[in-house]
Amino acid sequence: MSAHPKTNDIVNIPQHHDRILILDFGSQVTQLIARRVRESGVYCEIWPFNQATAERIKAYNPKGVILSGGPQSVTWEDSPRAPEGLFEMGLPLFGICYGQQTMVEQLGGKVESSDHREFGRAYVDVKANTAITENVWESGAHEQVWMSHGDRVTALPEGFEVIGTSDGAPFAFIADETRKFYAVQFHPEVVHTPHGGDLLKNFTHNVCGCAGDWTMAAFKDEAIAKIRKQVGSGKVICGLSGGVDSSVTAVLLHEAIGEQLTCIYVDTGMMRAGESQQVVSLFRNHYNIPLIHENASDKFLGLLQGVKDPEMKRKIIGATFIDVFEDIAGRIGKVDYLAQGTLYPDVIESVSFTGGPSVTIKSHHNVGGLPERMDLQLVEPLRELFKDEVRDLGRALGMPEDFIRRHPFPGPGLAIRLPGEITAEKLDILRKADTIYLEEIQSAGLYDAIWQAFAVLLPVKTVGVMGDDRTYDHVCALRAVTSTDGMTADYYHFDHDFLSRVSTRIINEVRGINRVVYDITSKPPGTIEWE
């Protein structure tokens, strides 16, 4: 395996697993299709529509193909189309939104721009039963769905019949059951279509005949075999960040190759309270994994002194991490492989569906640039998985539940939760506030309902009154969001009693903060982190 694997190569899943292929036309929710399919125990991959030739599809040998939505209009010149020959392969097909429209257009039907557009909640009147609606929707039902379209089908290709209609789409659900072609104008993959996941499961299981045998237990055994085959007798180093991805990677590797693995944990001085002790205890004491713990906090803080620009802070942290990591690796001796926790969304996002040049795959935040500098090959055992699947794999590996349920934590650590100059004093204030906030969330039983929660220490001071004294101290912002994948997010709707309780504790217990605010920005337009 090269140090820079092509992200559009077929992932080497053992042939005994059924698989579904998803062709991406640029929808913002294509990844949700894959998540729904995998939740039903079926392995699937997402390919850009323009990289799916007939030969490549045949080599992948899918049991069926799903055509995603997309932002373009089939009425535009040079808009995306399904691959040449797809409709003659004898494969079951399921078109969603744009996928429906290009299917209809390519098979001889007609799509037009509509004066009646549908965005958001809508209702489909079910006119007939099919293999996809079996035990989910019945003929005559009035079912809620989620729509997002301006164009609509106005004439069906030969062989299709209407399964469902909506106010804005007379052909909201169509099917040619002889060829096993199905298409919907709505989005079954989103939670706003209540039974959408069941419709997709009926496609993969009832129509395509998938067994639904792709589980994390099976993945674990296959991944271990694959790691052993790739690594052989080689030596592997793995950079631990303290996050779930790198931790699951390390435990999986250790189960596969044992003492051939050495983990490296660099304490940058910008970790959460007790983080370093937790990581060292888990890996060195609980798992007995060879671990080098390097406290380089003085080095990092020294180089960051006086630096306020967020991008400059990231660059300094990244470059310094590579220097420190490389120095530690040199002490180990000859190393052949570098392991990192690349996930499937990183692989997907590295390829442009529009046909432009592919973007280089995201480097793991801790080890970017190291494979080239150290002439190492990459081991990326999680590159087929979504975040929730990584957590399931951690459970299959027997990892502590409180560790694998942890909220995501950014590579640069608290540095990006401290706008402005970073100092040891500010870091100490922020750690204390963050600890109180998370304690209260845990105590209220809200931790698992939240995707990510953290405190931010703002580079702003305000006047306050404590007792009879005037204070001039920092403002602390609290952030909590709900999300399924981190791509979009909404702020968590705490009740005011909770926020009041957290604010009171922080102001009373953390010297240096006299004002607390709560961030109610969604993503988009904001980001989850502040820098």
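Start by selecting P524, in the segment after strand 18, the strand that covers 513-518. You're looking at a predicted model, so the angles on this tour are computed ones. Now add K523 to the selection and look at the link between the two residues: the peptide bond joining K523 and P524 is cis, with omega at about -15°.

Stay there and step along to P525. This residue also belongs to the segment after strand 18. Which form does the peptide bond from P524 to P525 take? That bond is cis too, and its omega is near 10°. So P524 takes part in both bonds: K523 to P524, then P524 to P525.

Next stop: C97. Find strand 4 (93-96) and helix 3 (98-106), then pick the loop between them; that's where C97 sits. Check its backbone: C97 isn't a glycine, yet its phi is positive, about 55°. Is C97 buried or exposed? C97 counts as buried, because its relative accessibility is 5% and the cut-off for buried is under 20%.

Last stop: N288. Go to helix 7 (275-286) and strand 12 (291-295), and select N288 in the loop that runs between them. What is the sign of phi at N288? Phi is positive here, about 55°, although N288 is not a glycine. Switch on a surface view for this one: N288 is exposed, with a relative accessible area of 56%.

Before you close the viewer, flip between the last two stops: C97 is buried, whereas N288 is exposed.

Note on methods: Residues are numbered from 1 along each chain as its sequence is written. This is a predicted model: local features need pLDDT of at least 70, side-chain atom pairs count only at pLDDT 80 or more; totals for chains, interfaces and linings use all residues. Side-chain values use heavy atoms; hydrogens and water are left out. Helices (H or I, at least four residues) and strands (E, at least two) are DSSP runs, numbered from the N terminus. Buried means under 20% relative accessible area, exposed over 50%, partly exposed in between (1.4 Å probe, protein chains only).
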